[in-house]
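Me: I am new to this structure. Please take one part of it, look at it closely, and then relate what you say to the rest in plain terms.

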Amino acid sequence: MTLTEIMQTLPYGPAPEAAQPAMDWLKAHKGRFQLFIAGKWRNPASREWFATINPANGQKLAEVALANATDVDKAVKAARKAFVEWSQTRGHVRARYLYAMARQIQKHARLFAVLETLDNGKPIRETRDTDIPLVARHFYYHAGWAQLMESELAGYVPVGVVGQIIPWNFPLLMLAWKVAPALAMGNTVVLKPAEFTPLTALLFAEICQNIGLPPGVVNIITGDGQTGAALVEHPGVDKIAFTGSTEVGRIIRRATAGSGKKLSLELGGKSPFVVFEDADLESAVEGVVDAIWFNQGQVCCAGSRLLVQEGIAEKMYAKLRARMEKLRVGDPLDKAVDLGAIIAPVQLEKIQRLVQKGVEEGAKLWQPSWAVPAEGCFYPPTLFTEVAPASTIAQEEIFGPVLAALTFRTPEEAVRLANNTRYGLAASIWSEDINLALDVATQIKAGTVWINSTNLFDAASGFGGYRESGFGREGGKEGLWEYVKKIEQHRTAQGQSSARGLTARASAESLPPIDRTAKLFIGGKQVRPDSGYSKAVYAPDGRLVGEVGLGNRKDIRNAVEAARSAQEGWRKTAAHSKAQILYFLAENLSQRAEEFARRLSEQTGQDGAAEVEAALEALFTAAAWADKYEGLVHPTPLRNVTLAIPEPIGVMGILCPDDQPLLALARLAGTALAMGNTLVVVPSPLAPLSATDFYQVLETSDIPAGTFNIVTGERDELARTLAEHDDVDAVWYAGPRAGWALVEKASAGNMKRTWTLPHSGPLPDTDEILRQATQVKNIWVPYGA
Ligand code: NAI
Ligand code: MG
């Protein structure tokens, strides 16, 4: 071959990274790893071990311990013991440990990268240039938050012992996403790596030992789904953080229901990759490569649905096919390889099955002309065109290198198609028109939106889902809230100390006759309950003070429908106008202050006037926040601004507590409204009359019909209907413990957010309510000419 010929073809020769250092490390451990509990290596109580395999060649790499419930118990106890001191350790000291972890990871970066590639099968280029640098970055970043916690999160304390369960697609990175913020905020952890990829977590355990991390602060227990389940169910765990499939996420939601455990879930996705006809097509094609062939498409936020504007579709597909033809699949240790191995035969079979289904359902399949290696677990990059929006491959997470392409005509259609999924993890938008791109970004229901870019991650930016992609954020300031709780506060006066009996008796003399049965308030109108029944309301001393309609499933369904129809309009109402509407509600309430005060005293036997005043103040506070609850601009590296924008959650059900019924209504519902949610409110069954009197306040205000609906009735019956309803996005439930379990369990259907509160006692502070009423979307906007 002449030099000119070589220059023209530029064939890649193999450029393998040496596996030796990692193999030596495995050999030094005689190919067997125990559990890391309380700073020591221990044999599993189960006496069972299982193999971890290199998916690129099917060879066994090592054996790891299979932790059972006894081992989980030991690990949780070790974490509990360590928590006593660790939670009291100064932020600066915790920062020093996190900093040391970051340094150690950097020092051993190549060993980590090679080990990760061996265990997982992803290309060394990715572990070396993406996974491991990001891991170090997460520890550095959170060292900073440990340092700043005292000043920046004043009033908050760590949650306690955290159980963390992670998947196999980014083994060490998912560990970092979970361990770094947990330790920074003063929690201790028990982490269970995925069964396919335990090795880098075990190397990380050695780092914990080397830097002298106090025993029990980090415990690493290897095992399978049963180990994970035992961790989830352990009563000594205060919080579960999970990343993995939506199916298991749902199981965990149900298993923790009513336990009081805090929960964050990062689940699956079917993220849209939207290309408008004015996009830079060359860049968009490279974007697709990163979106769906990064990590063989085994990425929760993979851009697996290509939505391309009709006029450029054929051109884009042609460019894409040409690019796919040049991709290289093979030995993950080869530095010039684009796609490595699929994690395991079971995953390969799943991909094959779904691709087969795509063909059967009529989509057009295209794969490159070359064949993938016959040995090991490999699958070629795959493109489906002519995909029907409702077909299996357009709806189900394939978790493999398979792209499903659909076309659209207008931006509205693009948004509709993008949102036509039960998931909401990420989206990528390509257009040279920044107005269009940002407009579409705000309309797509997803936790992360990348403009003219894709699969960008950084510790400073929050990551997490909308809808069935889960809840909670990892990274950014928003991610810290998952690992802290508010210091318990004791009830302030707020009319609670007044002599119950006295007030009740005093008001008895001036009692008006029982006049009317309140109806329900749905879609801006008072309507009769479907059941045709009413329910008596009694004062604390047993006197009858009124009657309210007994709402049922049907009424809730109507109310949800009304709230859904109103949602889009209310969300888009300018913040200033929302504030005005809330101020006007307060004004109308103040005109009837005496009437409300009397009613409150009757129902609760407490100082009604003080409560009306407090409710007015709460409405003012909500109105004030409507145009002031600001997001953040995260300083992520690269040339880019990352906008962290709090968005409304959508349609919310709010089941009110028994104490201070009017204040609770004003504070909870007012704040939720201020943030752009539309509501179905169920007043406390013990004291519903202030809410039903509120109909008139609502009727004389400017609040759009359907924005604020009120249904009276049996709390738990209505709570169940709301929690089971697929068109409800969040349920706040104040009520007895048994109800917490009911609501959390029922919420697993569509993975709606839940917030459970005691039925009486102090109301949560406004900062917590604001956070619960919103979800953060991170929009990445790159710049550069
Ligand atoms: P998985 O969700 O079963 O596993 C994730 C983690 O959860 C592992 O550590 C596993 O041991 C643990 N686990 C399993 N069952 C559990 C239980 N009942 N309680 C507590 N922990 C439990 O995911 P798997 O089986 O590895 O993959 C299945 C499918 O899930 C994949 O084909 C893929 O489509 C999807 N997946 C999605 C991920 C994402 O990030 N969105 C990550 C991993 C898998
Ligand atoms: Mg493996």
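Reply: A residue is called buried when its relative accessible area is under 20%, exposed when that area is over 50%, and partly exposed in between. The model is predicted. The part chosen here is the loop between strand 18 (448-451) and strand 19 (470-471), where arginine 467 has its place. Arginine 467 has a relative accessible area of 24%, and because this value falls between 20% and 50%, the residue is partly exposed. Its backbone deserves a remark as well: phi is positive, at about 50°, although arginine 467 is not a glycine.

Leucine 456 is found in the loop between strand 18 and strand 19 too. Its relative accessibility is 21%, and since the limit for a buried residue is under 20%, leucine 456 counts as partly exposed. Seen along the chain, leucine 456 and glycine 376 are 80 residues apart, while from C-alpha to C-alpha they are 29 Å apart in space.

On the other side of strand 19 comes the loop that runs to helix 17 (476-480), and glycine 475 lies in it. Glycine 475 has a relative accessibility of 4%, and because this is under 20%, the residue counts as buried. Between glycine 475 and leucine 263 there are 16 Å in space, C-alpha to C-alpha, for a separation of 212 residues in sequence.

Two further loop residues can be set beside these. Glutamine 296 has its place in the loop between helix 11 (281-293) and strand 13 (305-309). As with arginine 467, phi is positive in a residue other than glycine; for glutamine 296 the angle is near 55°. The accessibility of glutamine 296 is another matter: the relative value is 0%, so the residue counts as buried. Threonine 636 sits in the loop between strand 26 (632-634) and strand 27 (640-648). With a relative accessible area of 6%, which is under 20%, threonine 636 is therefore buried. Its side chain makes a polar contact of 2.8 Å with the side chain of threonine 642.

The last topic is ligand 1. It is surrounded by 26 residues, and the closest are Trp168, Glu195, Ser245, Gln347 and Lys350. Glutamate 195 has a side-chain N or O atom 2.7 Å from an oxygen atom of ligand 1. For isoleucine 166, the partner is a polar backbone atom, which lies 2.8 Å from an oxygen atom of the ligand. Glutamine 347 brings a polar side-chain atom to 2.6 Å from an oxygen atom of ligand 1. Taken alone, ligand 1 would expose 800 Å², of which the protein buries 86%.

The space that ligand 1 takes is the second largest pocket. Helix 9 (225-233), strand 10 (239-243), helix 10 (246-256) and helix 13 (345-360) are the elements that give two or more residues to the shell around the ligand. Helix 9 provides the largest share, with 3 residues. Sorted by class, the shell holds 13 nonpolar, 8 polar and 5 charged residues.

Notes. Residues numbered from 1 in each chain as written. Chains lettered and ligands numbered in written order. Predicted model: local features only at pLDDT ≥ 70, side-chain atom pairs only at ≥ 80, totals over all residues. Heavy atoms only, no water. Near = heavy atom within 4 Å. Polar contact = N/O pair within 3.5 Å; in protein donor to acceptor, adjacent residues only side chain to side chain. Areas by Shrake-Rupley, 256 points an atom, 1.4 Å probe, with all protein chains shown as cover. 1 Å grid on protein atoms, 1.4 Å probe; cavity = no way out; pocket = protein on both sides within 12 Å on 5 of 7 lines; lining within 4 Å. Sits in = over half its atoms within 2 Å of the grid points. Helix = DSSP H or I, 4+ residues; strand = E, 2+ residues; numbered from the N terminus. Nonpolar A, V, L, I, M, F, W, Y, C, P; charged D, E, K, R; others polar. Buried < 20%, exposed > 50% of the residue type's maximum accessible area, 1.4 Å probe, protein only.
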